Amino acid sequence: MSLVTTIQPDGTPTWIDLRVPDLERALEFYNALFGWEYAPDSAKTGLGTVCLLRGRPVAAIAQAAPADTSTNPDWTMYFATADCDGTAKRIADAGGSVLTAPTDIGEHGRAALAEDPVGARFGLWEARAHVGCEVVNEPDSLVRNDLVTPDPEPARAFYTTVFGYSLDGNKTLPDLDFTFLRRPDGHEIGGIFGFPGAPRSAWATTFEVADTDAVVGRAVAAGGIADTPEDSPYGRIATLTDPFGAEFSVITRPA
């Protein structure tokens, strides 16, 4: 499925956004990469500038406040929840931290920002008028989120407690410390990758693209940094860094 028109079940990655020190340059960069267009005047809604694919929201990019001294300008992933306040309480009870208390974003929904016990940040989105990403799992849209952490066990315990996920091993890559996260209905929403060499814990964002090598070329030409693309059992993948230091991946899945 690539078109999303309804509110997603609890625990589903449902929205992504990015805060940058130079909004106009960021919009140019991601337009060059993915061909995104931008909803007029959407920056005034509280969501940030909404990025559009075929006229439908796929992400948002916002101007960072001058006082924002964050050294890790990651894409932020938001989990769907039918009860933002209740989920925020479970986060705190499970050993996480609520960084921004649940807040109404106009008529669009209710949001919060949190941090898990290993230091990875994420958001909560209680959808109302804005369901989140309306296009996923196709070129130039969000396809996957995985937590990369040097300390995976506390993270696995935390997310199963907060969202009721079950854990499932990865038989395709048995040499990696990777666990799939599944909603109570069995749907896979991502995974947790235990990587001792990770400098910090973070939710990694992956976009699907039609041609990984071409996107790498466009990213470098637009002022980003790119690793050499590699083939994996899941497709051809590369890690990119935008001009502001936000790291993400792109993948071309097998036909």
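Which residue follows helix 3, and what is the sign of its phi? Glycine 164 comes directly after helix 3, and its phi is positive, near 70°.

The model is predicted, so that local features need pLDDT of at least 70 and side-chain atom pairs count only at pLDDT 80 or more, while totals for chains, interfaces and linings use all residues. Residues are numbered from 1 along each chain as its sequence is written, and side-chain values use heavy atoms, with hydrogens and water left out.

Helix 3 (helices being DSSP runs of H or I with at least four residues, strands runs of E with at least two, both numbered from the N terminus) covers residues 152-163 and has twelve residues, reaching 16 Å from its first C-alpha to its last. That is close to the 16 Å expected at 1.5 Å a residue, the expected span being 1.5 Å times one less than the number of residues. Its buried residues (under 20% relative accessible area, with exposed over 50% and partly exposed in between, for a 1.4 Å probe and protein chains only) are Pro152, Ala155, Arg156, Phe158, Tyr159, Val162 and Phe163. Because they cover an arc of only 165° around the axis, they lie on the same side of helix 3, the arc being that of the directions from the helix axis to the C-beta atoms. Glu153 and Thr161, on the other side, are exposed.

Asparagine 170 lies in the loop between strand 10 (166-169) and strand 11 (177-182), and counts as buried because its relative accessibility is 10%. Its side chain reaches two partners, as tabulated.

| Partner of the asparagine 170 side chain | Distance |
|---|---|
| Backbone nitrogen of threonine 172 | 3.0 Å |
| Side chain of tyrosine 234 (polar contact) | 3.2 Å |

A polar contact is a pair of N or O atoms within 3.5 Å; within protein, one must be able to donate a hydrogen and the other to accept it, and residues adjacent in sequence count only if both atoms are side-chain atoms.
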